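Please open the model in your viewer and keep the selection panel at hand. The tour below goes from one selection to the next and says what is to be found at each stop.

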Amino acid sequence: MLFVVLKKDKPNHEHVRAEARPAHLEFLNANADKVAIGGPLVTEDGSRMIGSMLVVEAQSAAEAKALLENDPFAKAGLFESVEVLPWKWVFKNPNA
């Protein structure tokens, strides 16, 4: 099952994101079999990162959340909020 994960950064935590980003990217690469796609949420003008969006493949929301607890961004306390939502990929699904 797929889950869309929306994470919003805490205000004024750009330094936390910058410091943890290399380890975060390593985490994503190490879990590429479970993280289908992802990238940062940005301000409207694209000048700053303000969160993250991932699509995670897992058996349950609990499994997805357990995986994401190990993300260096999460361990660094970057996120103000995290939503894990079940998702059905319909439009432009290459596997459909």
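A salt bridge is here a side-chain nitrogen of Lys or Arg within 4 Å of a carboxyl oxygen of Asp or Glu. With that in mind, and remembering throughout that this is a predicted model, select glutamate 14 and arginine 48, whose closest N and O atoms are 2.8 Å apart and which form such a bridge. Glutamate 14 belongs to helix α1 and arginine 48 to the loop between β2 and β3, so the pair ties together parts that are 34 residues apart in sequence. Glutamate 14 counts as partly exposed because its relative accessibility is 37%, and arginine 48, with a relative accessible area of 40%, is partly exposed as well.

The structure holds 3 salt bridges, and the others can be visited in turn. Select aspartate 71 and lysine 7, whose side chains meet in a salt bridge with an N to O distance of 3.3 Å. Since aspartate 71 lies in the loop between α2 and α3 while lysine 7 lies in strand β1, this pair ties together parts that are 64 residues apart in sequence. Both aspartate 71 and lysine 7 are buried. Now move to aspartate 9 and arginine 17, where the side chains meet in a salt bridge at 2.8 Å, N to O; aspartate 9 is buried, as is arginine 17.

Aspartate 71 also leads to the next stop, histidine 24, which is found in helix α1. Apart from its neighbours within four places in sequence, histidine 24 is in contact with Asp71, Pro72 and Phe73. Its relative accessibility is 7%, and histidine 24 therefore counts as buried.

Next, show the strands. In what order do the 4 strands of the open sheet lie? The order is β2-β3-β1-β4, with antiparallel pairing, and the edge strands, each pairing on one side only, are β2 and β4. From one strand to the next the twist averages 15°. Select β1 together with β3, which run antiparallel and are joined by 7 bridges; within this pair of strands, lysine 7 stands opposite serine 52 in β3. Add helix α1, which packs on the sheet and touches β1, β2, β3 and β4, its direction making about 15° with that of β3.

Turn now to helix α2, residues 61-68, and select Ala64, Leu67 and Leu68, which are buried. Seen down the axis of α2, the buried residues fall within an arc of 95°, so they line one face of the helix. Among the elements that cover these buried residues are β1 (2-9), α1 (14-30), β2 (35-42), β3 (49-57), α3 (72-75) and β4 (79-87).

To see the largest nonpolar core, select its 12 residues: Phe3, Val5, Phe27, Leu28, Val35, Leu54, Val56, Ala58, Ala64, Leu67, Leu68 and Val84. At least two residues of this core are supplied by each of β1, α1, β3 and α2, and the largest share, 3 residues, comes from α2. Centre the view on valine 84 and, setting aside residues up to four places away in sequence, look for the residues that valine 84 touches, namely Phe3, Val4, Val5, Ala61, Ala64, Lys65 and Leu68. The last selection is a second, separate core of 5 residues, which includes Val16, Ala20, Leu78 and Phe79.

Methods: Residues numbered from 1 in each chain as written. Predicted model: local features only at pLDDT ≥ 70, side-chain atom pairs only at ≥ 80, totals over all residues. Heavy atoms only, no water. Buried < 20%, exposed > 50% of the residue type's maximum accessible area, 1.4 Å probe, protein only. Arc of directions from axis to C-beta. Contact = heavy atoms within 4.5 Å. Core = buried A, V, L, I, M, F, W, Y, C linked by side-chain atoms within 4.5 Å. Pairing = 2+ DSSP bridges. Axes fitted to C-alpha atoms, helices over the stretch in contact; angles between N-to-C directions.
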